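User: I would like a close look at a single part of this model. Please keep the account brisk.

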Amino acid sequence: MDDIRGPSIEGDYRNPELSQIRQYARENLVPIMKDEGMDFICNYIVEHNIKRILEIGTAIGYSAIRFAKLSPDITVSTIEYDIDRYHQAVKNVSEKNLMDRITLYLGDALTTQISGEFDMVFIDGAKAQYTKFFEKFKHQLSKDGVIVTDNLSFHGMVENPELTHNYSTKKLVHKIRRFIDFLTINEEFKTEYFEVGDRVAISRRNSEPKKDIFEILIEIGIYYELQLHKPIFSEADSADVKINLKGQIVKNLFVRDKHGTYILVTLPLHKRADLKQIAKIFGTTRLFLCDAAELNDYLHITPGSVTPLCIMYDKLNKIHFLIDEDLRGKSECNSGDGFTCGNILVHPLRNDATVSIAFDDLIKFTEYFNHSYRLETLVDKSEQT
């Protein structure tokens with residue numbers, strides 16, 4: 001991206017009219033953007049000819065006024081949850097004679113309907129809701145629109161959590177870190193981070209078409225055979241589906257402990273996993289099955305579709321990947337048809353299909369995405385009772 005931190009907008013905050021708003025913010029402890037971050041975004045708006053802006057988090061209207069004053073062609077829709085700040089924003093906008101170009105809403109941004117298409121969505125509201133704001137309002141972006149988020153450093157605490165000992169603040173910092181992870185692994189949007197103000201992110205839709213899993217397997221050089229069948233949502237459902245492919249059917253568990261350690265376990269279908277053994281392997285405590293929301297957040301998958309192939313989505317290597325050594329199988333299945341060792345049967349990111357791939361190709365797949373893994377021989381809990 002070109003350097004957009006030009007000098008043309010710098011100094012607008014010294015305007016006496018805006019200084020009064022800034023003074024009110026200081027005296028009443030209303031958070032507004034740092035000067036450097038505001039200049040950066042204003043320059044971006046001008047450089048990219050942005051005309052329609054949606055702001056989440058009006059506060060007292062400072063940002064909306066700054067944006068609208070950049071050009072008479074710019075319109076701003078902005079929403080605020082706090083009623084006192086909303087009324088102060090209305091007062092400020094009215095005094096600047098900008099009510100014709102700034103539309104103010106009072107309410108919860110997640111439930112209030114705001115119509116229209118926007119060239120820029122500026123998220124500067126409740127930090128704990130950033131991901132939900134992003135997911136809701138991305139649908140109202142224009143073709144080349146961007147989503148801008150502020151406060152991703154949160155006064156340096158995101159990089160240095162030890163700067164605070166307040167429990168509530170620590171929870172908020174953790175949610176901001178989760179949002180940054182969400183941006184980083186998001187395949188629909190490409191995000192750039194800028195160390196200005198309190199750290200700013202600009203996200204735009206990824207122009208590169210998303211490859212399906214079969215294209216990826218071919219690209220890596222993994223031979224597979226495919227069988228379509230009725231959807232399988234559970235281990236019990238699999239008993240009603242006849243798979244005519246070679247290899248061991250696997251099952252997958254996505255578990256976590258209470259401290260946020262996540263583990264994806266791949267083992268033979270016939271084995272009953274011993275969660276105590278798995279916890280011991282990773283030096284952690286009692287493990288719990290992850291819910292549907294966690295499956296979606298971490299593996300981009302729905303219940304019934306869990307597969308070792310979804311490890312490709314864990315770009316930050318936050319999930320421990322445990323593979324049962326017994327899946328390696330024997331080489332007696334060689335048939336000259338492209339397979340070179342024992343085969344495994346896995347879902348190709350959907351539960352209405354199964355593919356047969358070589359066990360070694362699962363390792364190849366994992367290493368292709370630079371993900372770590374651990375091979376262990378897992379005990380069958382059913383044989384211990």
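How many positive and negative side chains does the protein have, and how far apart do the centres of the two sets lie? Then take me through strand β9 and its partners.

Analyst: The model is predicted. The protein has 48 positive and 58 negative side chains. The centres of the two sets lie 4 Å apart.

Some context for the strand comes next. The protein has 385 residues, and buried ones make up 50% of them. It contains eleven helices and 15 strands. Its C-alpha atoms fill a box of roughly 80 × 40 × 35 Å along the principal axes. Of the contacts with a separation of 6 or more, 68% link residues 24 or more positions apart. The exposed area is about 19300 Å², with 48% of it from carbon and sulfur atoms.

Now the strand itself. Strand β9 covers residues 248–256. It pairs with β10, residues 262–268, through seven bridges. That pairing is antiparallel. Within it, Leu253 of β9 has Val265 as its bridge partner. The two strands form a hairpin with five residues between them. In this hairpin, Gly260 takes a positive phi near 90 degrees.

Strand β9 also joins β11, residues 288–289, by two bridges. These strands run antiparallel too. Here Val255 is bridged to Leu289.

Strand β13, residues 343–346, is another partner. Two bridges join it to β9, and the two run parallel. Ile249 has Leu345 as its bridge partner there.

One general point applies to side chains. In a regular strand they alternate between the two faces of the sheet.

Key: Residues are numbered from 1 along each chain as its sequence is written. This is a predicted model: local features need pLDDT of at least 70, side-chain atom pairs count only at pLDDT 80 or more; totals for chains, interfaces and linings use all residues. Side-chain values use heavy atoms; hydrogens and water are left out. Two strands pair if DSSP finds at least two bridges between them. Helices (H or I, at least four residues) and strands (E, at least two) are DSSP runs, numbered from the N terminus. Buried means under 20% relative accessible area, exposed over 50%, partly exposed in between (1.4 Å probe, protein chains only). Contact means heavy atoms within 4.5 Å. Accessible areas come from the Shrake-Rupley method with a 1.4 Å probe; for residues, only the protein chains shown count as cover. Lys and Arg count as positive and Asp and Glu as negative; His and the chain ends are not counted. The place of a charge is taken as NZ of Lys, CZ of Arg, CG of Asp or CD of Glu.
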